[in-house]
Amino acid sequence: MSPNRRLGLSLMAFTLLMWGSLPLQLKILITKVDPVTLTWYRFTGAMIFLAAIGGRSSIRNLRAVSSRRVWILLLICGTALTANYLLYLKGLDILTPSTAQIVMQTVPFMVLGGGILIFGESFGGKQWWGIAFLVAGSILFFNQRFDQIEIGSSFVTGIGFILLSAIAWSIFLLAQKALLGALNSRAIMFCCYLTGSILLAPLASAGLIFSLPTMFLILICSATLIAVVSYLAFSTAMRHVPATTAGLTIANIPLVTLLC
């Protein structure tokens, strides 16, 4: 295995641990903070953090971009990530963290398909085994919940929000993969968080943070830090591993959530 591929897989594993533990923090936070305000806090905090640690290099990187295609992809990235955050919280408010993460496993299928169709990536025998286990695990999980699947039920509504969130996240991941040839990870994520912060600012209750208990403030800081570190690690990993491998790595997130 090449050093670059080993680095990419190590960063994927690190991201896996952070994304697997995040739903538990968010499930607590949405008991007191609405999805729009919570997402705005996370995006604004992440944007400020990125500006502090590498704002100048990100701006230089963005100034060097003259392609209209890149700017369109950046807008798609930011809008899709914002939709992913909001829709996921709406679904998480209804479902348990483990159920939400299982439904999010539609993402690997979409990312795998995108990697093959858009980027022309190969798909080998071991990866087919990964798909088979993913399908089998999803069937076994929902086999115990078929009695809850009724049109109009809160369970179905929650699943609908999470599925829409999964579509938005898949669009973000594939657009990000396309951007990595022109921009560095920090520049991409800075633009995404800036876009989300601007879109949500008119709807967010910014002053709510002053009335929250200390524990909730700590959780907001933790969730914001995860938003920065995990996506930087993931986008860096995407430089060294195919989108198909990234998609199968994401499929293991529910295992971390269940363990947590």
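These exercises work through the fold, two helix packings and one residue of a predicted model.

Local features need pLDDT of at least 70, side-chain atom pairs count only at pLDDT 80 or more, and totals for chains, interfaces and linings use all residues. Residues are numbered from 1 along each chain as its sequence is written, and side-chain values use heavy atoms, with hydrogens and water left out.

**Exercise 1. Describe the makeup of the protein chain.**

Step 1. Count the elements. The protein chain has eleven helices and zero strands. Helices are DSSP runs of H or I with at least four residues, strands are E runs of at least two, and numbering starts at the N terminus.

Step 2. Check burial. Of the 260 residues, 52% are buried. Buried means under 20% relative accessible area, exposed over 50%, and partly exposed in between, with a 1.4 Å probe and protein chains only.

Step 3. Check contact range. Among contacts (heavy atoms within 4.5 Å) with a separation of 6 or more, 89% join residues 24 or more positions apart.

**Exercise 2. Work out how H7 packs with H9.**

Step 1. Locate the helices. H7 covers residues 154-179 and H9 covers residues 214-237.

Step 2. Take the geometry. Their axes come within 10 Å and cross at roughly 50 degrees. Axes are lines fitted to C-alpha atoms, for helices over the stretch in contact, and angles run from 0 to 180 degrees between N-to-C directions.

Step 3. Classify the angle. H7 and H9 are therefore oblique to each other. Angles under 35 degrees count as roughly parallel, over 145 as roughly antiparallel, 65 to 115 as roughly perpendicular, and the rest as oblique.

Step 4. List the residues. H7 brings Trp169, Phe172, Leu173 and Gln176, while H9 brings Tyr231, Phe234 and Ser235.

**Exercise 3. Repeat the analysis for H7 and H8.**

Step 1. Take the geometry. H8 spans residues 185-200, and its axis lies 10 Å from that of H7 at an angle of about 140 degrees.

Step 2. Classify. This pair is therefore oblique as well.

Step 3. List the residues. Phe172, Gln176 and Leu179 of H7 meet Ile188, Met189 and Cys192 of H8.

Step 4. Revisit the shared helix. Phe172 and Gln176 of H7 take part in the contacts with both H9 and H8.

**Exercise 4. Place Asn4.**

Step 1. Find its element. Asn4 sits in helix H1, residues 3-29.

Step 2. Judge its exposure. Asn4 counts as partly exposed because its relative accessibility is 46%.

Step 3. Look across the chain. Asn4 and Ala237 are 233 residues apart in sequence, yet their C-alpha atoms are separated by 8.9 Å.
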